[in-house]
Amino acid sequence: MTDSTESPDLQRRSGLTRLKEGTYGGLFAACAAITLLTTVAIIVTLLSDAVAFFSQVPITEFLTSTSWSPNPRGGGQTFGIVALVIGTLTVTITAAFVALPVGTLTAIYLSEYATSNARSILKPLLEILAGIPTVVYGYFALVYITPALKATLFPEMSTFNALSASLMVGIMTIPMVSSISEDAMSAVPDDLRQAGYGLGATKFEVSTGIVVPASISGIASSYILAVSRAIGETMIVVVAMGAQARMPTVGETVLGIPFINPADVLLDSGMTITVAMVQIAGGDLTGGTIPYDAMFALGLTLFVVTLVMNVLSDIIAERYREEY
Amino acid sequence: MSNTPSSDTRSSDSLITTDVETGSNDRTAESRATAVATRDLNVYYGDEQAIDDVSMDIPENRVTALIGPSGCGKSTFLRCINRMNDMIEVCRVEGEVEFGGKNVYDADVDPVALRRRIGMVFQKPNPFPKSIRDNVAYGLKIQGFDGDVDERVEESLKGAALWDEVKDQLDSSGLDLSGGQQQRLCIARAIAPDPEVILMDEPTSALDPVAASKIEDLIDDLAEEYTVIIVTHNMQQAARISDRTAVFLTGGRLVEYDDTAKIFEDPEEQRVEDYITGKFG
Amino acid sequence: MATDTDTARIEGFGEVSRVRGIVFEYLSLGASVLGIFALAVLLIYVTIDAFDLAGTSPVWLLTYFVTLVVPFLAFCLYSARDREVTRRAVTVSGGGLVAVAAVFTAIETFVGQIPRLNWQLAYLFVVVAPLTGYLVYVGARGRPGAVGFGLVGRLIGGTAIGLAFSVLFLVFDERLWFLAYTIGIVPAALVYGYGRVRDVSVASAAAIPIAVLGVLVAVLLRPVVDVYPTTVFIYLWTLAIPIAAAGALLVNGRGNRTAALVAGGVPLALAVVIGLFGRAAGLGVGGPNALLVISVAGVPTAVYLHRVFDVGEGVTGLGVPVLLVGGALVGAFVVETFGIPTPNPWVSETFLTEAPSRNARDAGLYPAIVGSVIIIAMVAVFSFVLGVATSVFLEEYTADSGVIGALTRLLQINIANLAAVPSVVYGLLGLGLFANLLGFGFGTAVTVSLTLSLLILPITIISAQEAIRSVPDDLRRGSDAMGATRWQTTKNVVLPEAFPGILTGTILALGRAIGETAPLIMVGAATTVFSAPSSLFSKFSAMPMQIYAWANFPQEEFRYGVVAAGVITLLIILIGMNGTAILLRNRAERGT
């Protein structure tokens, strides 16, 4: 035992130790800073070439022109994003028709009905859906789904079409909807369920009438994330949807409203924003040309749209976390 | 194995406690030096005051118990001594904690260096998921101890009354031990670097009575070499093992601080008597 | 369940209709399995195509079913030692046969032909495959099963890692590695070992600087020195011997010096003999790669064997590799003898070892596999280091409030958003930043792996953070109270505890990286290269790129043959990686 009357030396820490501590802290901080730098680098990279692009192509033309042909054999290039947006919307909306209802029902099943055993089997299996490489999904769509649909439901379907691609995008995004929605549903306090049962509600009424409304912001946030994922999806559409930027023909009006026949967009090939980027990248990467810059303009569009959606989803999700 | 109160009862600076006449003690009768002292210590968690103006002198080589109802600030007080409260961001400390005459909250004090001289044992046994040997040698390792590690491990385990039970399995995991053994392992870990003071935060509350009584015996032995400051919920335990007892009541006020026998037999304060007899708290 | 309408009759409380509820429950169950079911069907078809099972004769299937599958399932049942499981397995396999055949025939008769599927195949996929999975799971709980699968896993995993190492030396200079190892790593290890044994902390602390210094000297010496041992000896000295030594040390730690010598020495001797003389003796294998693979697979196997014999339980499980190889050989023999027509699978040895070709039957994936392995190895290093460092910073070094707290929150939000940025945008980042601005070249390994590292970094960080957060605070406080500095607590307590979780998360993230295609296209990775890359800056392809390229070929043989084989190869590697990750996680969970 030391004699505590002598003043203990509490401040001494060797310079080496302090240097070591500081070095480690600094190194870790530097690594953490790389994540911030990544964001900055993405924005700067996209912006610098996008600005170059918009100095050549007016932004109004980019946003309103309906023709996309960056590398025409002869004649002028046109850079109108509208056809691409329509292609992207086609895929996104169709995929949403698959992923949102299926994902929501899955979430309800997992959170309300499944035994813990079933849950422990189903959840990892669902995760597999998100883990399959997208190029594989694209291949499935091209060589299995399309021929199957062609043989059974839609004989007039073309080899490259939006429908098969969208179905695969939908399946791929199911786990995104189901896992986040399930988290939200599991976060609903049991008191609420008990209250429902106490009033004589059936399990169905409790699930759909109490749990789902109580977790609605979580569900909404999962929808937005899934849609944002579908917008940015690349390889499935590249492989299975073809690469033709088409404007759908606006058909006869139904009740005075212009009408686009869904079969027209779904069964034929089309082009999304991501496909357009990949198509340019297949040819021209050295930089300095307008198509090269156009790629970054498209990338910027994609980045901004997905970023806004993610932030939105975060804000909504934050609300349900606060509620309980 | 209860201790009679210490002969020395230097008055603390607290206004509340009073000097009482000396009793007899089986340890020593001479006056003890002060190991740790606080001066006007105030601790706040955000806006809430956890310790209210506490001044006390804690004698060297004695067991000092801190008792009081939950939320009275006794654990906070304990954690001020080795500055574990620094880890809590909203925690703010005013006043002084003197350790060997130096205020540990001085700007030039390194809390890490401080903790190397003050051991701590926690409520729940928390051995590292390493071998028994590595657990005990942990403090030596981080402090760059250059002596014979194995010898020190053996000494410490003996000091924690655990050696005979584990000497053949030093390489097995500390987590394989029973709860009481784990806690003694944590005590061995705390004493291995030879600290001056050992802080114990309800060290027996997670243990069964048999394991707890072993720890109590051990604490008694530890006081031969170390200054022990122990927070406990259990008044019988405080009465059994401590030489001095400090009673904290709500709001983080030190209500009475005196020889243990005095506190339990004839407290000055009515509130303390009520608390001890179970009328309150 | 009652389907009655509303409420009370005279006696009792009556019943409330549950029809809607029941319909809803089954609807939601159906939804839950819809995606899984769709994927399963697609996987079945791609398997059939890749292995050319559609044209396989049922007799061929039956032969291997009897010689390979049945004995294996029997072993699983033996290991499980559960009457109930055995009864169920027999019922399912028997009843399933009848059910599948009946249902299948009914569909064929009334609905129409199901393309490229017959009832035997349907039985294989619908009954046998899931049953095998289940029995492996159950069998692994018994000692023999655990031992057998552990052995097979070590053999296969060791071989895969050994092959991966040999692939890495295609682009990394083994002579530089030789110098760095000899001058840097060996002295550092010796100093560290000396420090540990003699309790001299200065020596242990000096190990890392010595290693760094040695590696630097090696880099400087590499252009000067021009006499080197042959590749075989480099592998032997730098890899086989240390691995064998590590294995021997491990066994020695469990007590027995002779066993240690055997566990380290036998695989090493085998590796040396085959590596040096294999080709000459006409074994068909040999050379440096054989030496590498045998030692990487052999030493862990030997260590494992020692442990199994030491424990003495489930020793029968060691027969599993024999059972499998024997079954395959017997099957082959029967097929040969009776002239049973054999399928001509697209996934074959030539597919894995040859370069792409215009001719479907000659086409191979080899350069793309090599590219993927090299890229993944580099991504693993980058993302692991960056991921761990960042998550340690976020979990251990920051505060909740004040300026640092705000910064932490900003970092956290930023990481969450990065995780959701489309991969094609990362491709643009790689193109603009790494390929064009920094001049790492289009589609080179460096550009590709840096891009992919950034892409999976957020996922790695988030999972590493979870792993670190799951370390109990008690342990941190215990270490802090001992007077440990923050780094000491992190290094000695937090990271060892969080390590399995971090590793699992990293491997899962790597699984994401290995399948990414869009960013590779954006940075100009080659769709097809005809020879394995020879340097980090040569043109690279990767498995998904090659699949993408082939998927565009119009020929049936490519669409339904070569690409399917590529997809299966990619998926098997993915399953291997993710399976390893999950095993690691389960083991860590059981450990604590």
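User: Where does UniProt place the transmembrane regions of chain A?

Analyst: The unreviewed UniProt entry gives "transmembrane region" for residues 22-47, 79-110, 122-145, 157-177 and 294-312 of chain A. Keep in mind that the model here is predicted, and that such annotations may be inferred rather than shown by experiment.

User: How do I read one of those spans in the model? What is the helix content of residues 79-110 of chain A, and how far apart are the ends?

Analyst: Set the annotation beside the secondary structure and the end-to-end distance. Residues 79-110 of chain A are 91% helix and 3% strand, with end C-alpha atoms 46 Å apart. For residues 157-177 of chain A, the helix share is 76% and the strand share 0%, and the end C-alpha atoms lie 29 Å apart.

User: Which annotated domains do chains B and C carry?

Analyst: In chain B, UniProt lists "domain: ABC transporter" for residues 36-276, from an unreviewed entry. In chain C, an unreviewed entry has "domain: ABC transmembrane type-1" over residues 369-581. The model adds a description of each span. Residues 36-276 of chain B are 36% helix and 27% strand, and their end C-alpha atoms are 25 Å apart. Residues 369-581 of chain C are 77% helix and 0% strand, with 21 Å between the end C-alpha atoms.

User: How many helices and strands do chains B and C have as whole chains?

Analyst: Chain C has 21 helices and zero strands, whereas chain B has 10 helices and 10 strands. The C-alpha atoms of chain C fill a box of roughly 85 × 70 × 60 Å along the principal axes.

User: What share of each of these chains is buried?

Analyst: Here a residue counts as buried when its relative accessible area is under 20%. In chain C, 47% of the 592 residues meet that test; in chain B, 59% of the 281 residues do. You can also ask what the accessible surface is made of. Chain C exposes about 27900 Å², with 69% of that area on carbon and sulfur atoms. For chain B the accessible surface is about 10800 Å², and carbon and sulfur atoms hold 44% of it.

User: What portion of the contacts joins residues far along the sequence, at least 24 positions apart?

Analyst: Among contacts with a separation of 6 or more, residues 24 or more positions apart account for 73% in chain C. The corresponding share in chain B is 68%.

User: How are the charges of chain C distributed?

Analyst: Count both signs, then compare the centres of the two sets. Chain C has 33 positive and 32 negative side chains, and the two centres lie 6 Å apart.

User: Let's go down to single elements. How many residues of helix α20 of chain C are buried?

Analyst: Helix α20 covers residues 543-551 of chain C, and nine of its nine residues are buried. Among them are C:Met543, C:Tyr548 and C:Trp550.

User: Why does C:Ser166 count as buried?

Analyst: C:Ser166 counts as buried because its relative accessible area is 9%, under the 20% cut-off. This serine belongs to helix α5 (residues 143-171) of chain C. Beyond its neighbours within four places in sequence, C:Ser166 contacts C:Asn289 and C:Leu292.

User: And what surrounds A:Val237?

Analyst: A:Val237 sits in helix α10 (residues 235-240) of chain A and is buried, at 1% relative accessibility. Setting aside residues up to four places away in sequence, A:Val237 touches A:Val91, A:Ala165, A:Gly242, A:Thr272, A:Thr274 and A:Val275. The C-alpha atoms of A:Val237 and A:Gly87 are 9.9 Å apart, although 150 residues separate them along the chain.

User: Which backbone angle stands out at B:Asn61?

Analyst: Look at phi and at the residue type together. B:Asn61 has a positive phi of about 55 degrees although it is not a glycine. B:Asn61 lies in the loop between β2 (48-59) and β3 (63-67) of chain B and counts as buried, at 14% relative accessibility. A polar atom of its side chain is 3.2 Å from the backbone oxygen of B:Glu224.

User: Where is B:Glu202, and is it buried or exposed?

Analyst: B:Glu202 is in the loop between β7 (197-201) and α7 (209-222) of chain B. B:Glu202 is buried, with a relative accessible area of 10%. Its phi is positive too, about 45 degrees, although B:Glu202 is not a glycine.

Notes
Residues are numbered from 1 along each chain as its sequence is written. Chains are lettered from A and ligands numbered from 1 in the order in which they are written. This is a predicted model: local features need pLDDT of at least 70, side-chain atom pairs count only at pLDDT 80 or more; totals for chains, interfaces and linings use all residues. Side-chain values use heavy atoms; hydrogens and water are left out. Helices (H or I, at least four residues) and strands (E, at least two) are DSSP runs, numbered from the N terminus. Buried means under 20% relative accessible area, exposed over 50%, partly exposed in between (1.4 Å probe, protein chains only). Contact means heavy atoms within 4.5 Å. Accessible areas come from the Shrake-Rupley method with a 1.4 Å probe; for residues, only the protein chains shown count as cover. Lys and Arg count as positive and Asp and Glu as negative; His and the chain ends are not counted. The place of a charge is taken as NZ of Lys, CZ of Arg, CG of Asp or CD of Glu. A polar contact is a pair of N or O atoms within 3.5 Å; within protein, one must be able to donate a hydrogen and the other to accept it, and residues adjacent in sequence count only if both atoms are side-chain atoms.
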